[in-house]
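Colleague: Please take a close look at one part of this model, starting from a single loop residue, and then connect it to the strands, the chain contact and the backbone geometry elsewhere.

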Amino acid sequence: MNEDQSEDKAYWQSLQQWARATGEPQVGAAGTSADVQGESVGGGAATGEFSSTPLKEGAEDGWARREFMKLMGASLALSTTACVRRPVQKIVPYNKQPEEVTFGVDNFYTSTWFDGSEGFGLLIKTREGRPLKVEGNPRFPLNAHGLSPRALAHILSLYDPDRLREPLRNIQNKEKGKERANHDSVATKWDAADEEVVASLKKGGVALLTGSLPSPATRAVIADFLQGFPGQHYEWDPLSVEDVRRAQELCYGHDLVPSYRINRARLIVSVDSDFLGTWLTPTTFQRQFAEGRRDANRMNKLVAFDSNYSVTGANADVRVKIKPSLQLDVVMGLAFEIIVKKQATRWAGNSQLAQVLQPFADAAQRLGVEAHVWSRLADELIQYKGESLVIAGGLPAQTAQGIELQSAVNLLNSALENDGVTVDYRRPFKGLAGAHSSLEHLIESMEKGEVTTLIVHRANPVYASPLSARFLAALKKVPMVVSTSDRNDETAKFADFVLPDSHPMESWGDAEFVEGLFAIQQPTIRPLFDTRSFQFSLMSWAYLAEKGPERLRKFENFYDYLKNYWKTEVFPRYGKGKSFVDFWEQALQTGMVGEPSEGVSEAGKGSSVIGAVRDVKLEALSGIKRTDSPQGYELVLYPTKALYDGSLANVSWLQELPDPVTKITWDNYLCVSVNTAKKENLVDEGLAELKVGELALKLPVHVQPGLHDGVLAVAVGYGRTDAGSVGNHVGVNVYPLAGVSGELKGRPIFSGRSATVTRLRGKYPLAMTQDHHSMEGRKIVVEATLKEYLKNPAVHNHKHHVWSIWGGHAYNGNKWAMAVDLNTCTGCNACVVACQSENNIPVVGKKYVIQGREMHWMRIDRYYVGEPDNAEVVFQPVMCQQCTNAPCETVCPVLATTHSSDGLNDMTYNRCVGTRYCSNNCPYKVRRFNWFSFNGNIEKPLHLALNPDVTVRDRGVMEKCTFCVQRIKAKRIQVKLEGRGLKDGDIQTACQQSCPSSAIMFGDINDPNSRVSQWFKEARAYSLLEEFGADPSVRYLTKIRNNEQETRSAESAKVEHQVEPQVEHQGGRT
Amino acid sequence: MIKRNQLILGDKSMKNITEDIVAPVESFPGRGWSAMFLGANGLFIFYITVVGIVIAYGMGLLGVTHPTAWGTMIVTFVFWIGIGHAGTLISAILFLFRQKWRTSVARTAEAMTVFAVMTAGIFPLIHTGRPWLDYWLFPYPNQRGPLWVNFRSPLLWDVFAVSTYATVSIVFWYIGLVPDFATIRDRAKDRIRRVIYGALSLGWRGTARNWSHYEMLYLLLAGLSTPLVLSVHTIVSFDFAVSQLPGWHTTIFPPYFVAGAIFSGFGMVVTLMTLVRIGFPQFKDYITIDHMEVMNKIIMATGLMVGYAYGSEFFIAWYSGNEYERFTFINRALGPYAWSYWVMICCNVLIPQVFWFKKFRRSIPVMFTVSIFVNIGMWFERFVITVTSLARDFLPANWGMYQWSFYDAGVLVGSFGMFLTLFLLYLRLFPAISIAEIKPVMNVGKEGSHHG
């Protein structure tokens, strides 16, 4: 209270100063007339300061006429209008300015982040000590400059208002025979909590349950801790890659997750592994995939067998829809075709193998693939021996036969000599140790009463495990449960103490994502709340209990421990010839230490073979049986690009990020094929009951073109109940649908379970950002096959004769332009979130997305082409096209949107009155209007994530993509200070920078040598709606599919079949 | 020479005329008027509330969204502006053409014009995202640079067109009222009336000099108003025609809009006149079935013109060979908004065809019903143009429907509250028929009159 009052006083004082300084009427004086009257006494210092200005009223005038008029004017203004100017707030400069900080200039710090499956090297942009944006670290060999939407959006989890601000004690009902239940939550102090936790730890029986931890120092802390307090460390992830590791162990005797070198593969056969969307390290894979597509003469070919319509399927050159029970048919069938039928590879003639493969002889028939196509695929695999890759994985591939599938994949990769070339087992992924069997073991040990203290870190099994119920029941036998979650989430609710871990941006850490590649996680802000890093909690408890090895207890914080760890473990390996101080500082500066794995460096460099082909132990395959696929529907669970496992469900940017394929936000839904919808009488946005085993869930329906008729697909990661105000009760939690059988040792069956669906009455509007799915035969996304392209690079790229009697304006300096390569764009949405983060774009919520009020400046249009049954997908990122003859500019009555001398279509927000005429006249409809005060509702401290370089737009103002004009200006200033001119590549827009495929190019079109000029000159380049004559500054490059079809002639590409699968949209839009 | 029907029935004397017309102004309102006024007033207050809420919370309360950034407010704006046209046409153009039948309906039609333009004029102001900055739409010397308006923008032309039209209409209407105000002043029995109407009559004395000036001014204003009848809706149509959206970007819009405006204006005049005849039975002698029939003929003629325009649009869309243009028109007739298109066609083209029959032309119930349909149809015409073109334009990924909400209904219905409140007040405060102009034509068509 006191603080508030003093703040108020300061505020009024500052108002008075302001009023005196400017001679303005004293706004707000009505409430504090006493202060006003006493001004000659109170405001001495300020009066002196401004006494020399001519605006100053003579003090001797006292209540002179003008003074009276001022006050009258002010009170009139106050009584007649509510539009008082924003309060003047004092800002206080640094007392001692840190050396590296300059006001208004960004500082970048290298760091790293692990999203549960993928690790990123980051550059975190900070301004005056406040992290603002996450960017990729171009030197980091995995993701480089590219990022995933989740990595970009995780900055919001730092400023999440729903984070715990202090330790919490959950008072549990622990009566006999009852489960634990949270009775009440109260705030507590660290000291008090530590005391109780330490007392419990001393009793022994310690268990740590964590997610996968790629941080070697953290693993060291845990190992040290468990030396002091004997116990077990269990690692579990809801979406673990246990299947890959188990199969590697069975086939080769190595428990590892190999790095896949997509860039080396000229033919990729993917069986439900959404490696471009969600599986393993999609950002790195996407970069490598794009690398393999740029050279038309060596363009890779992706054949995807897809149970769900995944991002990988959408980008496939050939996509074959399957259901989970057919996955083994694909891989084993190909193996049969290659090894037995075509007698290729080293196992040709192996009778033991032939026997195992024999049942899969008719795989092509079962898959519905024509025999010659199947045979050709096998031929191509043989042809590209050592240059191909077969992969399977992800939730849709975790069926009851998931490990058999992976073993079969290993067989093919070894047979085709990809092992050791595109499958890099020498430099495997590290830190993906999470396993479902581990959780099973923990539960068993809890059930036996062996666990006295359970510490849960970065794991939420109550929400995300199908073993949830058993876990909860076992939990009541654990006397002390500690969670380090940053919120009282589904699992933390059942913990006695929630001792919040600091956010990764607030704490030190390190990572080793790929063997021999280290990175340091640097904090970029002091902890916002009273939180403590997990590692330091462990260290503190060891210190208090005086247990554990000395190095765990002697350091005062985790930073020292980390540094010491690096000095003793990492430095000797990689710091030869340097002092540790130099080594450490260099590591912090570059963001990485160690050798980049060859597999992730540029293609064509170094030797392609990194190891000999490992021989598959054939006994690992002997158990593979062909099962007849069930007649009914099969369940497919899949993670989404935006939410993945659901851990970031409270990040609104991710909730409002449209799914790349379905374009639906804020919900999960049941995907059914067009035929299934007809058969089961289901309609889009209707309701249906999905029944799997004993469990029935009510879900909204989405009719998905191109889905297998035997599939019912739903996304995991939704339906959180304790994620926070954004993520709670968005969608339905479908983790419980995954079955668990004893023989699989706790490994759940995520897909392939038999399911039924029944229509329910009622409607459920889904928030789609795009409701019309066909190009209507218009030339919007131009597509060609590789064959056509090699014959004629400008194929299907029909140029219009556009002319004008007017020569146009001259652009003497720069003229900014952008080009988008539709051939490498995978629709991943990273650009959309990067743009949102850079440009302070608000989130509007489900209701308003349904009404079409989403604010994304950049959107990715998705069209279906072909027959609805086998629809193919094309993506097209659309941002403001910065037209040279911009139709929006001429119609604005107040000149709020005008053209700049460097070719930009500028928007002056504070001049805009909001007639929206510009939007009507924009053929691309890229302008977005602030229908409400979306930005006025930003809850603190989320406002700290706002970019100070970009205006925060208020209600009633039109906005749109600016080509990141603030970045252009900042760079101009910088090069001027450096005394040089702008170079090509100096300026990168946010979307360009974050694109893992480098599919977006930005630069100066007036410079004939700039890369964007080169792209403009490509035969594939075309402008969208060229015939409209707006002369946009954006070009798109034709999408090329590397497949056999040469069916799409120029005419048929223009007039495509319409894909409007009996879509009955009830949500208001078309 | 063809025998003409009498313009004024009932064999009125000059005194009768004055008394008949002034009666509503001089008598205390009856129950019917009061009830209607309260209803209209309630609706008006509702309107103010709805508009207030929209201004307070944001345009998003209405159905306007991405991509249909214009909707109810613009549709209703054009609707009301269109309504206004009949008044000016009757009072100015028909005056210049010496159409004597116009005198009975001119005053009320003009009043309708003024109120319709007032109702309409509010919409462009409240439909902006930040209405408190609307004054930026006017070019005036300022300290922001000075920052001027964009003279290339049709919206700015709109500002000038509508404000000019409003000004001229009000002046023209007021000038016509001056002699009648003097009549009321002269008949006033209490001081307040005398003072108020005295002030309104601007010192009218009825001298020859007064009349001479008056007639010359009236003639000049009629001349000035005449081009406005054509220009206002032409410029309003530029809002659409000058922009580049398929379905908007057509050269037929100016004449098509003017024809439509006259059509809808006469529709509204007939609606109001039938109501006035019911409310003030003595007016039946002045606003005769003959008058109504003439107006119905105009409705039918302009309805056919509008119908021709609809057809012509389709032909040009096909003839242009432009795929977007073709799609837009096919989409209008067969797309998700086909219902609104067919409502429009029925109301504007088909239903007015009943006026081919004299019996229907002279039937009050029939003409009232038809006029209501014309009003509905013309609102939908603007809806079809504005919304269907925006909802589906170039890139199918953008397509989206209008999100009709309670507030859309509120501003549409509420605007009638404003209009009717003003109109009902007018009926009680101003002489609804021009006394001064009726008297010269009282003998037209009379047996044995020297006018023949």
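**From a loop residue to a covered strand**

Modeller: A:H729 sits in the loop between strand 25 (711-715) and strand 26 (739-740) of chain A, where helices (H or I, at least four residues) and strands (E, at least two) are DSSP runs numbered from the N terminus. The model is a predicted one, in which local features need pLDDT of at least 70 and side-chain atom pairs count only at pLDDT 80 or more, while totals for chains, interfaces and linings use all residues. Residues are numbered from 1 along each chain as its sequence is written, and chains are lettered from A and ligands numbered from 1 in the order in which they are written.

The backbone of A:H729 deserves attention, since phi there is near 60°, a positive value in a residue other than glycine. As to its surroundings, A:H729 has 11 other C-beta atoms within 10 Å and is therefore exposed; with C-beta atoms placed from the backbone, 20 or more others within 10 Å make a residue buried, 12 or fewer make it exposed, and anything in between is partly exposed.

A:E546 can be read alongside it. This residue, which is not a glycine, has a positive phi of about 55°, and it belongs to the loop between helix 21 (534-545) and helix 22 (550-554) of chain A. A:E546 counts as exposed because it has 10 C-beta neighbours inside 10 Å.

One more loop residue of chain A, A:Y94, is placed between helix 5 (65-80) and strand 1. Having 10 other C-beta atoms within 10 Å, A:Y94 is therefore exposed. The C-alpha atom of A:Y94 is separated by 56 Å from that of A:R246, a residue 152 positions away along the chain.

Turning from loops to a covered element, strand 18 (residues 517-521) of chain A has 5 of its 5 residues buried and is mostly covered. The side chains divide between two directions: A:L517, A:A519 and A:Q521 point one way, A:F518 and A:I520 point the other way, and all of these are buried. It is worth noting that A:Q521 is listed on the side of A:L517 and A:A519, and that this side, like the other, is made of buried residues.

Strand 18 of chain A also has partners in pairing. Strand 17 (residues 509-514) of chain A pairs with strand 18 of chain A in the antiparallel sense over 5 bridges, where pairing requires that DSSP find at least two bridges between two strands. Within that pairing, A:V514 stands opposite A:L517 in strand 18 of chain A. The two strands form a hairpin with 2 residues between them, and A:G516, which lies in the turn, has a positive phi of about 85°.

Strand 19 (residues 593-594) of chain A also pairs with strand 18 of chain A in the antiparallel sense, over 2 bridges. Here A:L517 has A:G594 of strand 19 of chain A as its bridge partner. A:L517 thus recurs in both pairings, standing opposite A:V514 and being bridged to A:G594.

Another set of strands in chain A can be described in similar terms. An open sheet of 3 strands has the order 1-2-3, with antiparallel pairing. Its edge strands, strand 1 (107-114) and strand 3 (130-136) of chain A, each pair on one side only. Strand 2 (residues 119-127) of chain A is joined to strand 3 of chain A by 6 bridges, the two running antiparallel, and A:I124 stands opposite A:V134 in strand 3 of chain A.

Between the chains, 45 residues of chain A are in contact with 41 residues of chain B, a contact being two residues whose C-beta atoms, placed from the backbone, lie within 7 Å. On the side of chain A that touches chain B, helix 31 (887-891), helix 32 (917-920) and strand 36 each supply at least two residues.

Strand 36 also leads to a peptide bond worth checking. A:P941 lies in the loop between strand 36 (928-929) and strand 37 (958-959) of chain A, and the peptide bond from A:K940 to A:P941 is cis, with omega near 0°. In chain B, the peptide bond from B:H66 to B:P67 is cis as well, with omega near 10°. B:P67 belongs to the loop between helix 2 (31-57) and helix 3 (72-96) of chain B.
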